[in-house]
Amino acid sequence: MIEVVIEDRCSGCGDCVEACPSDVLALGEGGKAVIAAQADCQTCLLCELYCPADALFVWPETERVAGVTAQQALASGQLGAFRRDHGWGEHAANRTNQHWRMGAIFERARLQAIELAAAKAARTEEGSST
Ligand code: SF4
Ligand code: SF4
């Protein structure tokens, strides 16, 4: 789940907004990325991959918000680690791609998305029959 945007690092380039498949992120009034629809996050980490400023922090928990603060994210030393470990951008020359490590997390997220879609469809059906 996307947890936090480190505002001081964000340049407002919008790359994360464009990369997010679920429209979770948006550019706020101050021109910085903001989390606009956290519950829709698929934990796909594309935003982390595409952020050139390492300003986003996604926690590998797919079902709930962990509540990680900007300070905690900065102290973790993990900002940018996903991008680095995937040999993305400037890391391409000296890192091998470790994307296979994400398999179990993506599978949990996929199953959760299916459950959520089914629950939403059931609610819609319930509403239309009353
Ligand atoms: S982890 Fe994926 S779904 Fe969640 S905010 Fe980032 S790009 Fe969007
Ligand atoms: S990709 Fe990074 S720097 Fe660009 S808007 Fe998103 S958070 Fe800000």
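Let us start at P21, which sits in the loop between α1 (15–19) and β2 (25–27). Please keep in mind throughout that we are looking at a predicted model. Setting aside the residues within four places of it in sequence, P21 is in contact with Q42, C44 and L46. T69 offers another reference point: 48 residues separate it from P21 along the chain, and the C-alpha atoms of the two are 24 Å apart.

P21 also leads us to the first of the ligands. Which residues surround ligand 1? They are I2, C20, P21, V24, L25, C41, Q42, T43, C44, L45, L46 and C47. Sorted by class, this shell holds 10 nonpolar residues, two polar ones and no charged ones. One of the residues around ligand 1 is C41. Is C41 buried or exposed? Its relative accessible area is 14%, and the limit for a buried residue is under 20%, so C41 counts as buried.

I turn now to ligand 2. There are 13 residues around this ligand, and C10, C13, G14, C16 and C51 come nearest. The classes in this shell are nine nonpolar, three polar and one charged. C51 has a relative accessibility of 10% and therefore counts as buried. Several cysteines have now been named, and one may ask how many disulfides the model contains. The count comes to zero disulfides.

Let me step back to the whole chain. The protein has five helices and four strands, and along the sequence they follow the pattern β-α-β-β-α-β-α-α-α. Along its principal axes, the C-alpha trace spans about 55 × 35 × 25 Å. The protein has 130 residues, of which 33% count as buried. If we take the contacts with a separation of 6 or more, 55% of them are between residues 24 or more positions apart.

The next topic is the nonpolar interior. In soluble globular proteins, nonpolar side chains tend to be buried together. In this model, the largest nonpolar core has 20 residues, and I2, C16, V24, L25, C47 and L56 have the most contacts inside it. The elements giving two or more residues to this core are β1 (2–5), α2 and β4. A second, separate core has six residues, including V4, F57, V68 and L79. Returning to the largest core, let us take L25 as an example. Leaving out residues up to four places away in sequence, L25 touches I2, C16, V17, C20, V34, I35, A36, C47 and L56.

Finally, I come to the charged side chains. Side chains of opposite charge can pair when their charged atoms come close. How many salt bridges are there? The count is five. One of them joins D54 to R83, with the closest N and O atoms 2.8 Å apart. D54 lies in the loop between α2 (46–50) and β4 (56–58), while R83 belongs to helix α4 (residues 81–85), so this pair ties together parts that are 29 residues apart in sequence. R83 also forms a salt bridge with E90, where the closest N and O atoms are 2.9 Å apart. D54, R83 and E90 are thus linked in a network of salt bridges.

Which members of this network are buried, and which is exposed? D54 and R83 are both buried, R83 with a relative accessible area of 4%. E90, by contrast, is exposed, at 53%. Another salt bridge pairs R64 with E61, their closest N and O atoms being 4.0 Å apart.

Key. Residues are numbered from 1 along each chain as its sequence is written. Chains are lettered from A and ligands numbered from 1 in the order in which they are written. This is a predicted model: local features need pLDDT of at least 70, side-chain atom pairs count only at pLDDT 80 or more; totals for chains, interfaces and linings use all residues. Side-chain values use heavy atoms; hydrogens and water are left out. A residue is near a molecule or strand if one of its heavy atoms lies within 4 Å of it. Ala, Val, Leu, Ile, Met, Phe, Trp, Tyr, Cys and Pro count as nonpolar, Asp, Glu, Lys and Arg as charged, and the others, Gly among them, as polar. A disulfide is a pair of cysteine sulfur atoms within 2.5 Å. Buried means under 20% relative accessible area, exposed over 50%, partly exposed in between (1.4 Å probe, protein chains only). A salt bridge is a side-chain nitrogen of Lys or Arg within 4 Å of a carboxyl oxygen of Asp or Glu. A nonpolar core is a set of buried Ala, Val, Leu, Ile, Met, Phe, Trp, Tyr and Cys residues joined through side-chain atoms within 4.5 Å. Contact means heavy atoms within 4.5 Å.
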